[in-house]
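Got your viewer open? Let's take a short walk through this structure, one selection at a time.

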Amino acid sequence: MDHCEWMCYKEPDCVSVNFEIGTQQCDLNNATHRNHGAELEDKDGFLYHGADSACETDPCQNGGVCQSGYTDKGYRCVCPTGFTSDQCEKDVDECSEEKHNCSREANCTNIEGSYHCTCKEGFFGDGQKCTGEFLNIFLS
């Protein structure tokens, strides 16, 4: 069992283990019986050990992944692209922080979790690449 607990400790998302008696086989889990009691099945030859986890309350927002440990709160949130802060509740403004790939000839509009590029008047394209009207006439 110590081997499984050590493996779980090294895995950021692990909060419980199933240990097969007589082997070194371990199943590492990212949930405990506290969250998913109805899904816990007793199996002969296996021992279950669930750790206390601050992630049980699901503190991360906007699709953030909770990892047990790491901070004085007992967890950290790994935020998806477009969100930041301790619980992933803050939208990143890619436009004002210049974290976008819009063309210089495009306007950047921040949207929750992302951004949108639109070519400025007189330019055409997908917002990431914009060409001027004069160029389009010349090439026609």
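Is Ser103 buried or exposed? Select Ser103 and look: it is buried, with a relative accessible area of 12%. (Buried means under 20% relative accessible area, exposed over 50%, and partly exposed in between, using a 1.4 Å probe and protein chains only.)

Before going further, a quick note: this is a predicted model, where local features need pLDDT of at least 70 and side-chain atom pairs count only at pLDDT 80 or more, while totals for chains, interfaces and linings use all residues. Residues are numbered from 1 along each chain as its sequence is written, and side-chain values use heavy atoms, with hydrogens and water left out.

Stay on Ser103, and you'll find it in the loop between strand S7 (90-91) and strand S8 (106-111). Strands here are DSSP runs of E with at least two residues, and helices are runs of H or I with at least four, numbered from the N terminus.

Now add Glu105 to your selection. Its side chain and that of Ser103 are joined by a polar contact of 2.6 Å. (That term means a pair of N or O atoms within 3.5 Å; within protein, one must be able to donate a hydrogen and the other to accept it, and residues adjacent in sequence count only if both atoms are side-chain atoms.)

Next, select Gly127, Gln128, Lys129 and Cys130: Ser103 is in contact with these, leaving aside its neighbours within four places in sequence. Contact means heavy atoms within 4.5 Å.

Last stop: Asp58, in the loop between strand S3 (46-50) and strand S4 (65-68). Asp58 is exposed, at 55% relative accessible area. Its phi is positive, about 55°, although it is not a glycine.
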